[in-house]
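Visitor: I'm new to reading protein structures, and the labels puzzle me. Could you show me one and explain how the labels are earned?

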Amino acid sequence: MADSAVTDPNLAAELKKKRTFRTFSYRGVELDKLLDLNNEEVSSNLFTHAPVASSTVVSSAAQWALSKSLRKAKKEAPPNEKPAVVKTHLRDMIIVPEMIGSVVGIYNGKVFNSVEIKPEMTGHYLAEFSCSYRPVKHGRPGIGATHSSRFIPLK
């Protein structure tokens, strides 16, 4: 029986309750529980695969400053709006659950690429979402490509 064929409002409401959407979970932990964890619990339980220099995921002073400014931008944003872009050069920072929903401007060597942090990005590095090089587009060989292309006739 298709949902569009249901005319009884009680039955339609019951069918709508039965529909489930895919919930996000990272290593078996659901998103709501991820957001409740503090940095020590996140680093000890979830990021065992990452080469972390210290006992916490956010290790340097610059990374602490970035997470503090992300929290501030989320707090100052109006409800149901995206927070302001926070620019950073920290491409080696691991995305932690508290960063979800933030907008980060990641420097690629030339410009800041705005990236909205989604739950699926948890555990990745910021650099993975801002390419620092332009992929090569191979075309026809030009001058200097081979020895035979060096010869240019005068007439």
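Guide: Sure, and let's start with a rule: two strands pair if DSSP finds at least two bridges between them. Keep in mind that this is a predicted model. In it, I106 stands opposite N113 in β5.

Visitor: How do you know that β4 and β5 are paired strands?

Guide: Count the bridges. Five of them join β4 to β5, residues 112-116, and the two strands run antiparallel. A pair needs at least two bridges, so β4 and β5 qualify.

Visitor: And what links β3 to β4?

Guide: Four bridges do, and here the strands run parallel. At least two are required, so β3 (residues 85-88) and β4 also count as a pair. To find one of the contacts on your screen, look for K87, whose bridge partner in β4 is G105.

Visitor: What sits between β4 and β5 in their hairpin?

Guide: Four residues separate the two strands, and G109 in that turn has a positive phi of about 105 degrees.

Visitor: Which residue other than glycine has a positive phi?

Guide: N80 is one, with phi near 60 degrees. You'll find N80 in the loop between α4 and β3.

Visitor: Why is N80 called exposed?

Guide: Its relative accessibility is 82%. Exposed means over 50%, so N80 gets that label.

Visitor: What makes β4 largely enclosed?

Guide: Look at residues 103-107. Four of these five residues are buried, so the rest of the structure largely encloses the strand. To be buried, a residue has to come in under 20% relative accessible area. Across the protein, 28% of the 155 residues count as buried.

Visitor: Which residues have the most contacts inside the largest nonpolar core?

Guide: That core has 15 residues, and the ones with the most contacts inside it are L66, L70, M93, I95, M99, I117 and L126. Both α4 (61-76) and β4 supply at least two of the core's residues. The largest share, three residues, comes from α4.

Visitor: How many aromatic pairs does a search of the whole structure find?

Guide: One. Its members are Y107 and F112, with 4.8 Å from centre to centre and 50 degrees between the planes.

Visitor: Why are Y107 and F112 called a pair, and what makes it tilted?

Guide: Take the distance, then the angle. Ring centres must lie within 6.5 Å, and 4.8 Å meets that, so Y107 and F112 are a pair. Planes under 30 degrees apart would be stacked and over 60 edge-to-face; 50 degrees fits neither, so the pair is tilted.

Visitor: Are those two rings buried or exposed?

Guide: Neither label fits. Y107 has 23% relative accessibility and counts as partly exposed, and F112, at 31%, counts as partly exposed as well. Buried needs under 20% and exposed over 50%, so 23% and 31% fall in between.

Visitor: Why is F129 called partly exposed?

Guide: F129 is at 30% relative accessibility, between the cut-offs of 20% and 50%, so it counts as partly exposed. F129 lies in the segment after β5.

Visitor: Which residues does F129 touch?

Guide: Leaving out residues up to four places away in sequence, F129 touches I95, V115, M121 and H124. F129 and I106 are 23 residues apart in sequence, and their C-alpha atoms are 8.1 Å apart in space.

Visitor: Finally, which pattern of helices and strands does the protein follow?

Guide: Along the sequence, the pattern is α-β-β-α-α-α-β-β-β, made of four helices and five strands.

Note on methods:
Residues are numbered from 1 along each chain as its sequence is written. This is a predicted model: local features need pLDDT of at least 70, side-chain atom pairs count only at pLDDT 80 or more; totals for chains, interfaces and linings use all residues. Side-chain values use heavy atoms; hydrogens and water are left out. Buried means under 20% relative accessible area, exposed over 50%, partly exposed in between (1.4 Å probe, protein chains only). A nonpolar core is a set of buried Ala, Val, Leu, Ile, Met, Phe, Trp, Tyr and Cys residues joined through side-chain atoms within 4.5 Å. Contact means heavy atoms within 4.5 Å. Rings of Phe, Tyr and Trp (its six-membered ring) pair if their centres lie within 6.5 Å; planes under 30 degrees apart count as stacked, over 60 as edge-to-face and the rest as tilted.
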